[in-house]
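These are my notebook entries on a structure that I had not examined before. I looked up ring pairs and charges over rings, and then how the chains meet.

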Amino acid sequence: MTVRSVEDLLRDTRLFADLPPHHLETIAGCAVTARFDEGAHVFREGGPADTFYVIRSGTVALETHMPGRGPARLVTLHDGDVLGWSWLFPPFRWHLDALALEPVAAVAFDGVCLRRKAEEDHDLGYELMRRFAEVIVSRLQATRLQLLDVYRHDG
Amino acid sequence: MKVLDPRGLEALLEALVERGYRLIGPTVADGAIVYEEIRSIADLPAGWTDEQEAGTYRLRRRDDDALFGYAVGPQSWKRVLHPPSVTLFRARRDGDGGMELVDGAEEPEPLAFIGVRSCDLHAIARLDRVLLGGRFVDAAYEARRGRVFVVAVNCGVAASTCFCVSMETGPRATSGYDVALTELLEDGDRHYLAEAGTGRGEELLAELPGREATAGEVEAGEQVVERTAASMGRELDTEGLPELLAASRDHPRWDEVADRCLTCGNCTMVCPTCFCTTVEDVTDLAGTEAERRQVWDSCFTLDFTYLHGGGVRTSPRGRYRHWLTHKLGTWHDQFGSSGCVGCGRCIAWCPVGIDITEEAAALREAPE
Amino acid sequence: MAEPATASHFLPEPYRVVRRHRETADTWTLDLEPAAGGDALAFAPGQFTMVYAFGAGEVPISLSGDPARPERLVHTVRIAGATTRAICTLDRGGVLGIRGPYGTAWPVDRALGGDLVIAAGGIGLAPLRPALYAALARREELGRVVLLYGGRSPDQLLYGPELERWRAAGVDVHVTVDRAGREWRGPIGVVTTLIERAGFDPERTTALVCGPEVMMRFAAAGFVRAGVGAERVFLSMERNMKCALGQCGRCQLGPVFVCGDGPVFRYSEIEPLLAVPEL
């Protein structure tokens with residue numbers, strides 16, 4: 001795949017859709033396409049968090065392992081969703097398992113490369129942080145609503 | 001306008017009884033003036049007055065024998081028109097799993113209300129709006145209401161808790177009555193100015209002993225009402241009140257009154273326009289017959305807003321705010337008028353003396 | 001006894017249970033027919049009846065059947081107390097008292113010529129099902145018809161086989177659950193996350209939302225964030241009701257009575273009231 005097509009793919013994502021072209025080019029330089037088979041782990045808890053993904057198609061489940069209870073599935077991510085934030089901050093380790101529930105096509109971003117470029121160009125760094133903050137806030141709100149367990153039957 | 005002498009007043013009551021009405025009027029019982037069945041003017045509270053203040057109600061002797069020389073007591077006509085307990089229907093299980101449902105309504109008897117004050121006339125009109133003028137007509141209320149003859153009395157006395165002038169509901173009776181009386185006291189004699197408000201009121205008055213009122217007597221009647229209007233105990237500024245209340249949901253005054261309010265619900269019981277109810281289901285021991293009753297309820301009860309294992313509105317702050325905001329504010333949105341008629345009952349009968357006029361004024365103050 | 005001028009609105013009609021279907025551990029769907037024969041009462045999607053269980057009590061239950069099929073009434077009921085327990089444990093052939101219908105309706109007609117998105121949470125799908133039937137009856141007059149349905153867990157989902165039939169009839173059906181084990185192949189996450197991915201044209205969309213109040217607030221806000229005007233988003237509210245006639249006073253939410261001014265409300269009108277705790 002040429003860098004040019006990866007740029008087109010990035011423009012299609014909600015995450016980078018309105019990014020100024022020069023930043024888009026920089027980021028595309030750190031991105032490649034990736035595929036995962038059904039049942040494959042995209043990443044595992046504790047592993048080095050050097051890559052993040054934007055899902056193009058397929059479903060990924062975030063899970064954690066609980067002794068005595070087996071894997072607990074927390075949430076699923078789908079087309080257009082960002083997968084992975086732990087690459088942003090030390091210790092750069094994954095907190096959860098990510099499991100492909102069906103064949104997954106994604107754009108994979110080199111986190112190490114992007115962290116370095118963000119340090120060099122704070123403008124780019126700001127654009128990245130702002131977008132990721134929005135994703136994290138949205139996930140947090142959804143998680144809080146999930147936590148409220150609104151369908152639980154009291155009384 | 002006619003003038004009746006005390007014999008004329010007795011004749012009025014007799015004429016009503018003759019027409020088949022059961023008389024309900026003011027009488028002294030348990031240290032208060034209440035509305036009960038009466039037989040003659042001998043049952044009326046001659047020579048009594050009431051002394052009312054926030055959290056206080058006492059009967060006192062007058063130095064004359066006026067029959068209507070007091071304001072209003074703990075009961076209103078709502079107790080008769082929208083009774084505390086009404087059977088809605090009876091259900092009976094039949095042999096093959098079926099259910100027979102029978103309306104619990106009974107033929108209402110004709111009643112004559114004696115001595116209805118202007119504030120209470122307006123209160124009855126407000127209840128009419130809720131129970132007759134909405135999407136659905138309360139059939140039992142309609143039936144009861146249709147068999148009532150109203151003899152109003154223009155107030156000669158205002159209690160310190162009265163504020164009908166502020167609410168534009170008195171003290172003069174202007175509508176909703178068949179006959180309106182004004183008691184004139186002169187040198188120990190009682191006379192009654194009487195005017196009709198309806199055709200049947202007209203017919204009734206024509207039968208009674210009396211004569212045409214003189215200009216002086218009519219003037220005296222005006223002065224009675226004017227004096228009462230000038231001696232209102234309290235005021236309530238209604239200007240822009242619904243909008244103010246809608247914008248004041250977070251006003252600190254609510255916390256302040258919540259510290260005092262016991263949520264006992266007395267205010268809702270004595271208020272002549274509070275209409276909230278709940279239902280009760282009772283069955284016999286065999287489980288073959290059941291009855292559903294509508295009973296008075298109060299928005300101050302904890303389970304008034306029960307939903308999904310808890311109440312929506314459970315704090316005293318929330319409950320008081322709802323009551324006041326409804327009475328003086330959202331009543332306008334729902335029914336086109338205030339729910340308050342300025343009778344002052346809630347002020348007198350609140351055990352801690354919370355005063356609706358004081359609360360309304362406090363909410364106008366900008367929060368510190 | 002003289003005939004009253006107006007018949008009592010409190011007197012229910014007896015209806016017989018002709019079918020009982022268990023949806024989940026505590027939720028049943030009952031099909032009812034008038035005990036005296038004839039057609040059941042006519043209703044609009046979103047309306048409810050007051051359901052009386054002999055000697056136990058009376059509760060408001062949304063109608064969840066097809067408004068175009070007048071032979072029977074359908075109610076989906078969850079056991080939440082003594083009255084709903086009495087209703088759900090009634091055998092086939094047992095009789096309930098029904099009066100109604102009451103309340104405002106889902107504005108399905110307003111959606112014609114555009115997209116219709118239905119967001120249901122938990123048992124909130126029951127009051128929305130009649131809207132979906134009404135929409136399917138006029139499928140050609142609608143663009144996309146989307147159902148976003150969230151439940152607590154897979155065993156709490158209603159109307160399972162029917163979800164498939166709706167997919168086949170041209171509805172985009174997306175189902176998610178708050179929690180599931182690994183045997184669940186579908187999405188896990190709150191129903192609001194489905195809104196972003198749903199693929200509707202916000203400028204031509206009418207959104208109907210029903211579920212627990214918190215879910216409705218989040219979902220309605222989610223639609224507005226996605227570009228659907230607040231005046232095109234509708235919620236179905238719930239409050240304690242004893243009369244459904246606007247006379248017992250209990251269902252008030254600020255100036256409105258949920259039984260008569262609702263239960264279906266336009267989000268732009270109800271949103272300021274929803275924001276006030278204990279209103």
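**Entry 1: rings in chain B.** I began with two residues, B:Phe300 and B:Trp323, and found both of them buried. I kept in mind that the model is a predicted one. I then asked how the rings of B:Phe300 and B:Trp323 are placed with respect to each other. Their centres are 6.3 Å apart and their planes stand at 45°, so I entered the pair as tilted. I next looked up where the two residues lie: B:Phe300 is in the loop between strand S14 (289-296) and strand S15 (306-307) of chain B, whereas B:Trp323 belongs to helix H11 of chain B. With their positions 23 residues apart, the pair links distant parts of the chain.

I searched all chains for aromatic pairs and obtained a count of 25. One of them joins B:Trp254 and B:Tyr320, with 6.4 Å from centre to centre and 50° between the planes, and I noted it as tilted. Why does this pair tie together parts that are 66 residues apart in sequence? The reason is that B:Trp254 lies in helix H9 (residues 253-260) of chain B and B:Tyr320 in helix H11 (residues 316-335) of chain B. I checked the exposure of B:Trp254 and B:Tyr320 as well, and both are buried.

**Entry 2: rings in chain A, and charges over rings.** In chain A I found one aromatic cluster formed by A:Phe16, A:Phe52, A:Trp87, A:Phe109 and A:Phe132. I also looked for charged side chains over rings. A:Arg115 lies over the face of A:Phe92, 3.7 Å from the ring centre. In chain B, the charged end of B:Arg61 sits over the ring of B:Trp48, at 4.2 Å from its centre.

**Entry 3: chain C against chain A.** I recorded 30 residues of chain C in contact with 24 residues of chain A. The two chains bury about 2300 Å² between them, and carbon and sulfur atoms give 55% of that area. On the side of chain C, the residues that lose the most area to chain A are C:Arg182, C:Ile188 and C:Arg197, together 27% of what that side buries.

I then turned to the polar side of this interface. I counted six salt bridges between chain C and chain A. A:Glu38 forms a salt bridge with C:Arg185, where the closest N and O atoms are 3.6 Å apart. I looked up which elements of chain C give two or more residues to the side touching chain A, and these are strand S8 (145-151), helix H5 (193-197) and helix H6 (213-225).

**Entry 4: chain C against chain B.** Here I recorded 49 residues of chain C in contact with 56 residues of chain B. The area buried between them is about 4300 Å², with 55% of it on carbon and sulfur atoms. In chain C, the greatest losses of area to chain B fall on C:Phe54, C:Gln247 and C:Glu278, together 20% of what that side buries.

I found three salt bridges across this interface. C:Asp261 and B:Arg135 meet through their side chains in a salt bridge, at 3.1 Å from N to O. I also counted 21 residue pairs in polar contact, with both residues at pLDDT 80 or more. Strand S1 (13-24), strand S4 (57-62), strand S6 (95-102) and strand S13 (256-257) of chain C each supply at least two residues to the side that touches chain B. Which strand gives the largest share of that side? I found that S6(C) does, with four residues.

Terms used: Residues are numbered from 1 along each chain as its sequence is written. Chains are lettered from A and ligands numbered from 1 in the order in which they are written. This is a predicted model: local features need pLDDT of at least 70, side-chain atom pairs count only at pLDDT 80 or more; totals for chains, interfaces and linings use all residues. Side-chain values use heavy atoms; hydrogens and water are left out. Rings of Phe, Tyr and Trp (its six-membered ring) pair if their centres lie within 6.5 Å; planes under 30 degrees apart count as stacked, over 60 as edge-to-face and the rest as tilted. Buried means under 20% relative accessible area, exposed over 50%, partly exposed in between (1.4 Å probe, protein chains only). A charge sits over a ring if NZ of Lys or CZ of Arg is within 6 Å of the ring centre and within 35 degrees of the ring normal. Contact means heavy atoms within 4.5 Å. Buried area is the accessible area (1.4 Å probe) that two parts lose on being put together, summed over both. A salt bridge is a side-chain nitrogen of Lys or Arg within 4 Å of a carboxyl oxygen of Asp or Glu. A polar contact is a pair of N or O atoms within 3.5 Å; within protein, one must be able to donate a hydrogen and the other to accept it, and residues adjacent in sequence count only if both atoms are side-chain atoms.
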